[in-house]
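Trainee: I'm new to this one and would like to look closely at a single part of it. Could you take me through one sheet and then show me how the rest fits around it?

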Amino acid sequence: SSNPVPLVYITGSDPLYTTYSDDISIRAEASLPNLACVDASSDSNMEFIWSEVTGGYSGSLATNAPRVLNIDANQLLPKTTYEFQVLARMANDPALNATATVEVIVQ
């Protein structure tokens, strides 16, 4: 199959400002390029893998909804900057992937 690489971005502001006592929600949106040869149902065959690339975050990256990363209050340290990344990939061909990142600044 000739699946295209998914397009992925994180909604909202970048950087995202928060505080130690706030919980945050980071939402990814992903789609496939609108090409005639693409099977429209393949959008549901995407996987989302969250990570924090600075290494400063040791909390959970588990998600209830794959496109949304929720981080509870008191998990992010004050005066610290984190960079959360989502990798969107095709379940049937993980080599077809794209990433998006958002900077989270804890005040």
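Which residue in E6 stands opposite Met-46?

Mentor: That's Met-90: it stands opposite Met-46 in E6. Before we follow that lead, some ground rules. This is a predicted model, where local features need pLDDT of at least 70 and side-chain atom pairs count only at pLDDT 80 or more, while totals for chains, interfaces and linings use all residues. Residues are numbered from 1 along each chain as its sequence is written, and side-chain values use heavy atoms, with hydrogens and water left out.

A few words on terms, too. Strands are DSSP runs of E with at least two residues, and helices are runs of H or I with at least four, both numbered from the N terminus. Two strands count as paired if DSSP finds at least two bridges between them. For angles, axes are lines fitted to C-alpha atoms (for helices, over the stretch in contact), and the values run from 0 to 180 degrees between N-to-C directions.

Now to your sheet. Four strands make up an open sheet in the order E2-E7-E6-E4, and the pairing is mixed. E2 and E4 are at the edges with a single partner strand each, so one side of each has no neighbour in the sheet. On average, neighbouring strands here are turned by 30 degrees against each other, direction ignored.

Let's walk inwards from E4. E4 and E6 pair in the antiparallel sense over seven bridges. Besides the methionine pair you asked about, Glu-52 has Phe-84 in E6 as its bridge partner. Next, E6 runs antiparallel to E7, and 11 bridges join them. A hairpin through two residues links E6 to E7. Further along, Thr-81 stands opposite Ile-105 in E7.

At the other edge is E2 (residues 16–18), where you'll find Thr-18. Is Thr-18 buried or exposed? With a relative accessible area of 4%, Thr-18 is buried, because buried means under 20%, exposed means over 50% and partly exposed is in between (1.4 Å probe, protein chains only). Contact here means heavy atoms within 4.5 Å. Setting aside neighbours within four places in sequence, Thr-18 touches Ile-24, Leu-76, Val-104, Ile-105, Val-106 and Gln-107.

Leu-76 comes up again with Gly-56, which sits in the loop between E4 and E5. Gly-56 and Leu-76 are 20 residues apart in sequence, and their C-alpha atoms are 8.9 Å apart in space. Gly-56 itself is partly exposed, at 45% relative accessibility.

There's a second sheet to meet. This one is also open, with three strands in the order E1-E3-E5 and antiparallel pairing. Its edge strands, E1 (7–10) and E5 (68–71), each pair on one side only. The twist averages 15 degrees from one strand to the next. E1 is joined to E3 (residues 24–31) by four bridges, and the two run antiparallel. In that pairing, Ile-10 has Ala-28 in E3 as its bridge partner.

What do the two sheets share? Look at the nonpolar core, meaning a set of buried Ala, Val, Leu, Ile, Met, Phe, Trp, Tyr and Cys residues joined through side-chain atoms within 4.5 Å. The largest one has 26 residues, and those with the most contacts inside it include Val-8, Ile-26, Leu-76 and Phe-84. E1, E3, E4 (46–52), E5, E6 (80–90) and E7 (93–106) each supply at least two residues of this core. E7 gives the most, with six residues. In soluble globular proteins, nonpolar side chains tend to be buried together.

Finally, the charged pairs. A salt bridge here is a side-chain nitrogen of Lys or Arg within 4 Å of a carboxyl oxygen of Asp or Glu, and the whole structure has two. One belongs to your sheet: Glu-47 and Arg-89 meet at 2.7 Å, N to O. Glu-47 is in E4 and Arg-89 in E6, so this pair ties together parts 42 residues apart in sequence. Glu-47 is partly exposed at 30%, and Arg-89 is partly exposed at 25%.

Glu-29 and Arg-67 also form a salt bridge, at 3.9 Å, N to O. Glu-29 lies in E3 and Arg-67 in the loop between E4 and E5, so this pair links parts 38 residues apart in sequence. Both ends are partly exposed: Glu-29 at 27%, and Arg-67 at 22%.
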